[in-house]
Amino acid sequence: MKKTFCKTALVLLLGLMAMPVMAQFNLKKAVSGVTKAAKAVTLTDEQMTEYVKEYIDWMDANNPVCADDSPYTLRLNKLTEGLSDADGIPLNFKVYYVTDVNAFACADGSVRVFSSLMDIMTDEELLGVIGHEVGHVAHRDSKKSFRTALLTSALKDGVSSKGGKAAALTDSQLGDLGEALVNARYSQKQERDADDYGYEFLKKAGKNPWAMAMSFQRLKELQGEQKTDKLNQLFSTHPDLDARIERMAERATSEGIEKPETKE
Ligand SMILES: [Zn+2]
């Protein structure tokens, strides 16, 4: 990737020296051409897999991951028991010991739950969040948004069009990528479909699918008592809580499933 980019820069530089008057216009045109070419480039599935792995490895290396014997890890392991894969994508779970209240799932099936979210949610509520996030993985929403984020942030300056190995990303590129991913938005349909997937996913694993409605209800309460912006992310990426609570509650009711007791 570096080689291709340097060569392009060199060609532009030579053009600039030969025709100083036209240079600026040509340069702009050439630069916009480069950007377009980069965006049109097809990333192979293999390259995507490598970039996703690079990203999640970086996240795990740059966030405090709870140890295997930490109460957070033990609790998460227990409550995700039997949640093995999202439509064929194997899942793995870790807890980040951080103050932000969030959880996310990566396209490769890596689910990361933040300790501060675990502090304020019951097991059912956490399962609802996890079920929904896993829905995005199963529907390949996570993969599509990763691809978009990759091309518009980390690889915006160009990507090798040749097949083969993905280039190693720098720390700053990975930072840009993280930001683009955090700001990724899904359509209402994608959100509803992820809810439906989460519902089925939990039910199939022998968990009570009321977790979905209960989780959104809790998010709504938290939104009401929100004092810091630590929660903003989780809410801004998950709008229409009322409608979603209703849909999930109606579905569980119509299937005759009893709502678990809430321990307050
Ligand atoms: Zn979502």
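## Report on a predicted model: loops, sheet and helix packing

At a relative accessibility of 33%, Arg140 counts as partly exposed, because this value falls between the 20% and 50% limits. The structure discussed here is a predicted model. Arg140 sits in the loop that links H6 to helix H7 (141–154). Its phi angle is near 65°, a positive value in a residue other than glycine. Asp87 also has a positive phi, near 50°, and is likewise a residue other than glycine. Asp87 belongs to the loop between strand E1 (85–86) and strand E2 (89–90).

**Residues with positive phi**

| Residue | Phi | Loop |
|---|---|---|
| Asp87 | near 50° | between E1 and E2 |
| Arg140 | near 65° | between H6 and H7 |

**The three-stranded sheet**

Three strands form an open sheet in the order E3-E5-E4, with mixed pairing. Strand E3 (92–96) and strand E4 (103–105) are the edge strands; each has a single partner strand, so one side of each is left without a neighbour in the sheet. On average, neighbouring strands of this sheet are turned by 15° against each other, direction ignored. Strands of a sheet pair through backbone hydrogen bonds, in either a parallel or an antiparallel manner. E4 and strand E5 (residues 110–114) run antiparallel and are joined by three bridges. Ala105 stands opposite Val111 in E5.

Two helices lie across E3, E4 and E5. Helix H3 (residues 45–62) does so while running at about 35° to E3, and helix H6 (residues 123–138) runs at about 30° to E4.

**Arg112 in strand E5**

Strand E5 contains Arg112. With a relative accessible area of 1%, Arg112 is buried, because this value is under 20%. The side chains of Arg112 and Asn92 are joined by a polar contact of 2.9 Å. Leaving aside residues up to four places away in sequence, Arg112 touches Ile56, Asp60, Asn92, Phe93, Lys94, Tyr96, Ala103 and Phe104.

**Packing of H10 against H12**

The axes of helix H10 (residues 210–224) and helix H12 (residues 241–254) come within 8 Å and cross at roughly 155°. The angle is over 145°, which means that H10 is roughly antiparallel to H12. The crossing of H10 past H12 is left-handed. On the H10 side, the contact is made by Trp210, Met212, Ala213, Phe216, Gln217, Leu219, Lys220 and Gln223. H12 contributes Leu241, Asp242, Arg244, Ile245, Met248, Ala249, Ala252 and Thr253 to this contact.

Key. Residues numbered from 1 in each chain as written. Predicted model: local features only at pLDDT ≥ 70, side-chain atom pairs only at ≥ 80, totals over all residues. Heavy atoms only, no water. Pairing = 2+ DSSP bridges. Helix = DSSP H or I, 4+ residues; strand = E, 2+ residues; numbered from the N terminus. Axes fitted to C-alpha atoms, helices over the stretch in contact; angles between N-to-C directions. Contact = heavy atoms within 4.5 Å. Buried < 20%, exposed > 50% of the residue type's maximum accessible area, 1.4 Å probe, protein only. Polar contact = N/O pair within 3.5 Å; in protein donor to acceptor, adjacent residues only side chain to side chain. Parallel < 35°, antiparallel > 145°, perpendicular 65-115°, else oblique. Left-handed = near helix turned anticlockwise from the far one by under 90°.
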